Amino acid sequence: PMLSLQKCYATADVEEWAKARGFDCLSISPKIDGLAASLRYVRGKLVCAATRGDGHAGEDITLHARTIADIPNVLKMAETLEIRGEIFAGNEAGDNPRNIAAGALRKKETQAHALRFRAYDILEIFPNERAKLAALADLGFSTHAHICFASEAAEAIAKMTQEIKGLGYPCDGIVIRAFEQDSYNRAGKTA
């Protein structure tokens, strides 16, 4: 399933969350205001793309995903992979870029869209977020994250907050993830 994110409103809460779970390092990235999407590749070819939907079943957007320049139709590998990320319209789309993106994906025509995609996950086992982000970049996906020590979370959050202002695409927060893959179960889940 594609789960939701747990909300947090204060840096002190993030530090407490990390300390309570014994996290030394964190991955911090912008929370893009778009549509969560899952891309499935079989033998290196994009065979299915779907929105998050209710977390278990989403809308099939495969034909539209193939027209988004940031989504490779073919990967230089022969494995079966699932990539997760966010489909979004840039700030130039106007006041409600998420609705613009959703509307473009629901049109019957599959013409090229001015939509973009940023990957944030690959459903494979990697030792940590740095290795996962490097693998996504090697496959041709754009990502955006910083790695920091948990003790430096406040500074890293402040830095990311400033970066978000100049990204050119809509963000509505910051995503903080455990750095080490084996820490994910301790991080907790939200339906």
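Two strands are taken to pair if DSSP finds at least two bridges between them. With that in mind, a good place to start is the hairpin-side detail of residue V42, whose bridge partner in strand 3 is K45. The model described here is a predicted one.

Strand 2, residues 35-42, and strand 3 are joined by 6 bridges and run antiparallel. These two strands belong to an open sheet of 4 strands, in which the order is 3-2-4-5 and the pairing is antiparallel. Strand 3 (45-51) and strand 5 (115-122) form the edges of this sheet; each has a single partner strand, so one side of each is left without a neighbour in the sheet. From one strand to the next, the twist averages 30 degrees. As general background, the strands of a sheet pair through backbone hydrogen bonds, in either a parallel or an antiparallel way.

At the other end of the strand order, strand 4 and strand 5 are paired in the antiparallel sense over 7 bridges. One of the residue pairs to look for is F88, which stands opposite R116 in strand 5. Although strand 5 is an edge strand, strand 5 is mostly covered, with 6 of its 8 residues buried.

Two helices can be placed against this sheet. Helix 3, residues 97-106, lies across strand 2, strand 4 (81-89) and strand 5, and runs at about 120 degrees to strand 4. Helix 4, residues 129-138, also packs on the sheet, where it touches strand 4 and strand 5; the direction of helix 4 makes about 140 degrees with that of strand 5.

One residue from each helix helps to fix these positions by eye. N99 has its place in helix 3 and counts as partly exposed, at 48% relative accessibility. The C-alpha atoms of N99 and F88 are separated by 9.3 Å, while the two residues are 11 residues apart along the chain. In helix 4 lies K132, a lysine that counts as buried at 1% relative accessibility. Between K132 and D121 there are 7.3 Å in space, C-alpha to C-alpha, and the two are 11 residues apart in sequence.

Helix 4 also leads to a second sheet, since helix 4 lies across strand 1, strand 6 and strand 7 and runs at about 120 degrees to strand 7. The second sheet is open and has 3 strands in the order 6-1-7, with antiparallel pairing. Its edges are strand 6 (146-149) and strand 7 (171-178); each of them has a single partner strand, so one side of each is left without a neighbour in the sheet. On average, and with direction ignored, neighbouring strands of this sheet are turned by 30 degrees against each other. Strand 1, residues 25-32, pairs with strand 6 in the antiparallel sense over 4 bridges. Within strand 6, I147 is the bridge partner of S27.

Ahead of strand 1 in the chain comes helix 1, and here the question is which residues of helix 1 are buried. The buried residues of helix 1 (residues 11-20) are V14, W17 and A18. Seen down the axis of helix 1, these buried residues fall within an arc of 95 degrees, so they line one face of the helix. An α-helix has 3.6 residues a turn, so residues three or four places apart point the same way. The face of helix 1 turned away from the buried side carries the exposed residues E16, K19 and A20. Just after helix 1, G22 takes a positive phi of about 75 degrees.

The cysteines C25 and C48 can be described in terms of their cover. C25 has a relative accessible area of 19% and is buried, because buried means under 20%. C48, with a relative accessible area of 30%, is partly exposed. A disulfide is a covalent bond between the sulfur atoms of two cysteines. With a cut-off of 2.5 Å between cysteine sulfur atoms, the count comes to 0 disulfides.

For the chain as a whole, the secondary structure comes to 6 helices and 7 strands. From the N terminus on, the elements follow one another as α-β-β-β-α-β-α-β-α-β-α-β-α. Of the 191 residues of the chain, 43% count as buried. Among contacts between residues at least 6 apart in sequence, 76% join residues at least 24 apart. The chain exposes about 10,500 Å², and carbon and sulfur atoms supply 51% of that area.

How values were computed:
Residues are numbered from 1 along each chain as its sequence is written. This is a predicted model: local features need pLDDT of at least 70, side-chain atom pairs count only at pLDDT 80 or more; totals for chains, interfaces and linings use all residues. Side-chain values use heavy atoms; hydrogens and water are left out. Axes are lines fitted to C-alpha atoms, for helices over the stretch in contact, and angles run from 0 to 180 degrees between N-to-C directions. Contact means heavy atoms within 4.5 Å. Buried means under 20% relative accessible area, exposed over 50%, partly exposed in between (1.4 Å probe, protein chains only). The arc is that of the directions from the helix axis to the C-beta atoms. Accessible areas come from the Shrake-Rupley method with a 1.4 Å probe; for residues, only the protein chains shown count as cover.
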